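Please take the sequence and the model together, and keep both in view while reading. The paragraphs below move from the whole chain to single residues.

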Amino acid sequence: MKITEEMVDYVSALARLKLPDEERSATAAELEHILEYMEMLGGLDTHDIAPMSHIFPVRNVLRADVAAPSMDRAVLLSGAPVPDGEAFLVPKAVD
C-alpha cells in the first residue's frame, strides 16, 4: 500500500503530533515498511495456534486476603510523637 503525505498528515493529527515537512516522506516510508511487515504476518498460518493474551503464564503474586484481628490501637499509638488517643496528630499542611 502506498502511503501518501496526506495519510501521514492524517495519522499525525490523530496522534496529535506536528511533523516537520522534512520528516513527512521519511515517516511515509517507515509506515509503508510497517504495513509490509503486517501483511507478511497476516499471511502466516495460525489456525493450529491457540490464542493467548500473554506470552508468559499469568498468576496472582499477591497473598490471599484473609481477615485477621487488628493490632491494639494503644500499642500502635504508643510510638506516636503526639498521640490523641484516637489517631496520629500531624502538623497542618494546607492553610
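What follows is a walk through a predicted model, beginning with the overall outline and ending with a few individual positions.

The secondary structure is quickly listed, since the chain has 3 helices and 0 strands, and its elements, read from the N terminus, run α-α-α. The outline of the chain is another matter: a compact globule of 95 residues would be expected to have a radius of gyration near 12 Å, whereas this chain has 30 Å. The box that the C-alpha atoms fill, taken along the principal axes, is roughly 75 × 50 × 15 Å. One pair of residues gives a feeling for these dimensions, as Ser-78 and Thr-27 are 51 residues apart in sequence and 64 Å apart in space, going from C-alpha to C-alpha.

How much of such a chain counts as buried? Of the 95 residues, 8% do, where buried means a relative accessible area under 20%. The chain exposes about 9200 Å², and carbon and sulfur atoms supply 61% of that area. As for contacts within the chain, among those with a separation of 6 or more, 26% are accounted for by residues that lie 24 or more positions apart.

The charges offer a further way into the model. The chain carries 8 positive and 17 negative charges, and the mean positions of the two groups are 10 Å apart. A search of the whole structure finds 4 salt bridges, and three of these pairs can be followed in turn along the chain, among them one between Glu-32 and Lys-2, whose closest N and O atoms are 3.5 Å apart. This pair links distant parts of the chain, with Glu-32 in helix H2 (residues 21–42) and Lys-2 in the segment before helix H1 (5–14), 30 residues apart. Lys-2 itself counts as exposed, because its relative accessible area is 61% and the cut-off for exposed is over 50%.

Helices H1 and H2 are also connected by a salt bridge between Asp-9 and Arg-24, in which the closest N and O atoms are 2.9 Å apart. Because Asp-9 lies in helix H1 and Arg-24 in helix H2, the pair ties together parts that are 15 residues apart in sequence. Asp-9 is partly exposed, with a relative accessible area of 29%, and Arg-24, at 22%, also counts as partly exposed. Salt bridges with shared partners join Asp-9, Asp-21 and Arg-24 into one network.

Further along the chain, Arg-73 forms a salt bridge with Glu-86, with 3.0 Å between the closest N and O atoms. Arg-73 belongs to helix H3 (residues 73–77) while Glu-86 belongs to the segment after H3, so this pair ties together parts that are 13 residues apart in sequence. The two partners fall into separate accessibility classes: Arg-73, at 43% relative accessibility, counts as partly exposed, whereas Glu-86, at 55%, counts as exposed.

Two more positions deserve a look. Where does Arg-16 sit, and what is its phi angle? Arg-16 is placed in the loop between H1 and H2, and its phi is near 55°, which is a positive value in a residue other than glycine. With a relative accessible area of 77%, Arg-16 is exposed. Ser-78, met above as one end of the pair with Thr-27, lies in the segment after H3 and counts as exposed at 60% relative accessibility.

Taken together, the reader can return to the model with this picture: a chain of 3 helices and 0 strands, with a radius of gyration of 30 Å, in which 8% of the residues count as buried and 4 salt bridges are found.

Note on methods
Residues numbered from 1 in each chain as written. Predicted model: local features only at pLDDT ≥ 70, side-chain atom pairs only at ≥ 80, totals over all residues. Heavy atoms only, no water. Helix = DSSP H or I, 4+ residues; strand = E, 2+ residues; numbered from the N terminus. Rg over C-alpha atoms; globule rule 2.2 N^0.38 Å. Buried < 20%, exposed > 50% of the residue type's maximum accessible area, 1.4 Å probe, protein only. Contact = heavy atoms within 4.5 Å. Areas by Shrake-Rupley, 256 points an atom, 1.4 Å probe, with all protein chains shown as cover. Lys, Arg positive; Asp, Glu negative; His and termini not counted. Charge placed at Lys NZ, Arg CZ, Asp CG, Glu CD. Salt bridge = Lys/Arg side-chain N within 4 Å of Asp/Glu carboxyl O.
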